[in-house]
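Welcome! Here are some exercises to work through with the structure in view, each followed by a worked solution. Try each task yourself before reading on.

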Amino acid sequence: MHSSPPVRGARPAVASVTKYVPYAGIAHAGGEYALQHHRALEAEFALTAIAPASALNREAVARGASGPLLLLSGSGPSAQDRLKPIADVASLLRGSTAHGWFARALRRSVSASRILEEADVIEFQWSEMGSLIPIALARNPRARVVVIAHDVITQRWSRAAETARSPLLRAAYAIAAKASARRERRTFEAADRVVVFSDKDARLVRSLAPTARPEVVRPGFPVPRPAAPRAAHSSPLVVFSGAMGRPDNDEAARWFLQRVWPQVRAAVPAARFTVVGANPSVALTRLAADDESVSITGFVESMDPFIEPADVIVVPLHNGAGVKFKTIDALLRGIPVVATPVGAEGIEREDAIRRITDDPDSFASAVVEVLQDPNRDHEARIRDWAADEYGLMAFRDRIRTLYTELIEEGPR
């Protein structure tokens, strides 16, 4: 167990039960949200995080994760990092819950009990962690409870069931969706607020749990500098980015390479396509090896040098749920975006994205149009809107106000 002491004083106390410990440079979008969320709260609240002592979270500590933190270790085989897939399956069968070993560790830890007992607000980062609400309320029934639903997991499994080719997989995903729906209904109804990132997710929460109180808080991002105009002689560049070890991202990149990219290259022979992100699959790497116009970076310390030169960002996702942070990032940079409906989900301005389509022919023609017309006046206007909608200052104000108002309402 790794522990750093909580900071107490006149400030209200927030206990954050989180799946991942955020740190500067964390390599996935959910972790980046948690980082900005924690930084926003730390300015006005005494925040202490409680998280599993997983390999990723131990690495976060080594990389300089700041703030009071309690890492809980578990007992039994499922608590071992090498057996994480088994723990994931068990979690799925229970309705996409927190790992069982972590639930037991949270229940038994004296240090965790003290942190929870002293909290004015107990938050749960990621819907899975919301399954632990009964444990927290047993320690502190008066605390206000917030769930940060990075996405609605039920929708993720429902979509996977709709798109799976194998009948066996379709059945398995459908079962997972039903189990998740039951669990998320309990979680969302037990919380005082459910923070979601879009109006679409707020509607999903209400459809699962009619008595829930979803609160839309747009995620906050540092606003990057505008992308510089490309040199006239540069090869046109198309970019897709993400954690490539995630099946949703891998499937999207392979769909684009196989169904869209040949048409783009036929129209713009000098075009290049770069996939940026860690842990690309063998199947994706093999596809790229057959085409000299395609590059797969693998892990990079920073995606900025690969994204900034892009002429168009593609987000060809067909599975997953929630707002896609890669889409928001492109809008904040003033780079044109072509996306599928899933890739554009949660962006609530109709003209923000150049084209939204699942059809590979239409997707290809939209990419070609952008590559052949480098004018970005429209994207400059969208960038101003995105900075107001998703900039850090607005986000910090929204999340702090939400927690302050909850505390002012008084204990449960």
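## Exercise 1: The chain as a whole

In this predicted model, residues 24 or more positions apart account for 70% of the contacts in the protein chain with a separation of 6 or more. Task: find how many helices and strands the protein chain has, and decide whether its radius of gyration agrees or disagrees with that of a compact globule.

Solution.
- Step 1. Start with the elements: the protein chain has 16 helices and 14 strands.
- Step 2. Take the expected value. For 412 residues, a compact globule would have a radius of gyration near 22 Å.
- Step 3. Compare. The protein chain has 22 Å, so the two agree.
- Step 4. Add the extents: the C-alpha trace spans about 65 × 45 × 40 Å along its principal axes.
- Step 5. Turn to the surface. Of the 412 residues, 54% count as buried, and the accessible surface comes to about 17,800 Å², with 53% of that belonging to carbon and sulfur atoms.

## Exercise 2: Strand β4 and its partner

Task: work out which way the side chains of strand β4 point, and in which sense β3 and β4 pair.

Solution.
- Step 1. Recall the general pattern: in a regular strand, side chains alternate between the two faces of the sheet.
- Step 2. Apply the pattern to residues 69–72. L69 and L71 point one way from β4, while L70 and L72 point the other way.
- Step 3. Check the cover: all four of these leucines, L69, L70, L71 and L72, are buried.
- Step 4. Look next door. Strand β3 (residues 46–52) pairs with β4 in the parallel sense over four bridges.
- Step 5. Pick out one bridge: A49 has L69 of β4 as its partner.

## Exercise 3: A sheet of six strands

Task: find which strands form the edges of the open sheet of six strands, then follow strand β12 to its neighbour β13.

Solution.
- Step 1. Write down the order, which is β11-β10-β9-β12-β13-β14, with parallel pairing.
- Step 2. Read off the edges. β11 (294–296) and β14 (355–356) each pair on one side only.
- Step 3. Move inward: β12 (residues 312–315) and β13 (residues 337–339) run parallel and are joined by three bridges. One named pair is V314 with V338 in β13.
- Step 4. Choose a residue of β12, I313. With a relative accessible area of 5%, I313 is buried.
- Step 5. List what surrounds I313. Leaving aside neighbours within four places in sequence, I313 is in contact with V239, I307, A330, I335, P336, V337 and V338.
- Step 6. One of these contacts, A330, leads to helix α13 (residues 325–333), as A330 is among the buried residues of that helix. Nine of the nine residues of α13 are buried.
- Step 7. Go just past the helix: G334 takes a positive phi of about 75 degrees.

## Exercise 4: Helix α9 and its surroundings

Task: name the buried residues of helix α9 and find which elements they pack against.

Solution.
- Step 1. Within residues 199–208, the buried ones are K200, D201, A202, V205 and L208.
- Step 2. Recall that an α-helix has 3.6 residues a turn, so residues three or four places apart point the same way.
- Step 3. Find the packing partners. The buried residues of α9 pack against α7 (153–163), α8 (167–190), β7 (193–196) and β8 (214–216).
- Step 4. Zoom in on L208, which is buried with a relative accessible area of 16%.
- Step 5. Beyond residues up to four places away in sequence, L208 touches V152, T154, A181, E184, R185 and F188.

## Exercise 5: Two positive phi values

Task: for W126 and N279, decide whether each one is buried or exposed.

Solution.
- Step 1. Place W126: this residue is in the loop between β5 (121–125) and α6 (133–139), with phi near 85 degrees, a positive value in a residue other than glycine.
- Step 2. Place N279 in the loop between β10 (272–276) and α11 (282–289). Its phi is near 60 degrees, also positive in a residue other than glycine.
- Step 3. Apply the cut-offs: buried means under 20% relative accessible area, and exposed means over 50%.
- Step 4. Conclude. W126, at 9%, counts as buried, whereas N279, at 58%, counts as exposed.

Notes. Residues are numbered from 1 along each chain as its sequence is written. This is a predicted model: local features need pLDDT of at least 70, side-chain atom pairs count only at pLDDT 80 or more; totals for chains, interfaces and linings use all residues. Side-chain values use heavy atoms; hydrogens and water are left out. Helices (H or I, at least four residues) and strands (E, at least two) are DSSP runs, numbered from the N terminus. The radius of gyration is taken over C-alpha atoms; the globule rule is 2.2 Å times the number of residues to the power 0.38. Buried means under 20% relative accessible area, exposed over 50%, partly exposed in between (1.4 Å probe, protein chains only). Contact means heavy atoms within 4.5 Å. Accessible areas come from the Shrake-Rupley method with a 1.4 Å probe; for residues, only the protein chains shown count as cover. Two strands pair if DSSP finds at least two bridges between them.
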